[in-house]
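Hi,

Here is the structure I promised to pass on. Have a look at it first, and my notes follow below.

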Amino acid sequence: MTTDKELELLRKKLRNSVRDATGDVAIAADSLRLVLDELGRLMQSNDRLRRQNRRVRLKLQRAGLPDDDAGSDE
C-alpha cells in the first residue's frame with residue numbers, strides 16, 4: 001500500500017508535469033494506477049460518509065432534534 005507521503009510526492013510530480021502542458025501528457029502506468037486506486041478509495045470513503053450523515057440526520061429527525069442542514073449534501 002502506498003503511504004500518504006508517497007502519494008503527496010506523486011501528486012506534486014504529476015502537477016509539475018502538467019503545469020505548462022497544453023496538449024497530451026504521458027504518465028507512467030504505475031503512477032496512473034496509483035492515482036486511480038487512490039481516487040477509487042476516496043470515492044468509496046465519500047459515499048460511506050454521505051450514507052452515514054444521512055442516517056444521522058434521519059435519526060435526529062426521528063428523535064425530534066433540530067437538524068443542522070447547513071452542510072446538506074442532497
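Please keep in mind that this is a predicted model. I'll begin with helix α2, which has 35 residues. From its first C-alpha to its last, α2 reaches 51 Å, close to the 51 Å expected at 1.5 Å a residue. Just after α2 comes Gly64, with a positive phi of about 80°.

Helix α2, spanning residues 29-63, also turns up on the surface: of the elements involved, α2 gives the most to a nonpolar patch, with four residues. The patch is formed by Val18, Val25, Ile27, Leu32, Leu36, Leu39 and Met43, and together they have about 580 Å² of accessible area. Met43 is one of the residues found in α2.

Next, the largest pocket, which holds about 190 Å³ of space. Its lining is made up of Leu7, Glu8, Leu10, Arg11, Leu14, Leu34, Val35, Glu38, Leu39 and Leu42. The elements that give two or more residues to this lining are α1 (4-18) and α2. Sorted by class, the lining has seven nonpolar and three charged residues, with no polar ones. Leu39 is worth a click, as it appears both in the nonpolar patch and in the pocket lining.

Two of the lining residues, Glu8 and Arg11, also pair up in a salt bridge, where the closest N and O atoms are 2.7 Å apart. Both lie in helix α1, three residues apart, or about one turn of the helix. In an α-helix there are 3.6 residues a turn, so residues three or four places apart point the same way. Over the whole structure, the search finds three salt bridges.

Best wishes

Terms used. Residues are numbered from 1 along each chain as its sequence is written. This is a predicted model: local features need pLDDT of at least 70, side-chain atom pairs count only at pLDDT 80 or more; totals for chains, interfaces and linings use all residues. Side-chain values use heavy atoms; hydrogens and water are left out. Patches are made of residues with over 30% relative accessible area and no salt bridge: like charges are joined within 9 Å, nonpolar side chains (Val, Leu, Ile, Met, Phe, Trp, Tyr) within 5 Å. Accessible areas come from the Shrake-Rupley method with a 1.4 Å probe; for residues, only the protein chains shown count as cover. A salt bridge is a side-chain nitrogen of Lys or Arg within 4 Å of a carboxyl oxygen of Asp or Glu. The expected span of a helix is 1.5 Å times one less than its number of residues. On a 1 Å grid over the protein atoms alone, a cavity is a set of points where a 1.4 Å probe fits but cannot get out, and a pocket is an open set with protein on both sides within 12 Å along at least five of seven lines; lining residues have an atom within 4 Å of a point. Grid points are joined across faces, edges and corners, and a volume is the space filled by probe spheres set on the points. Ala, Val, Leu, Ile, Met, Phe, Trp, Tyr, Cys and Pro count as nonpolar, Asp, Glu, Lys and Arg as charged, and the others, Gly among them, as polar.
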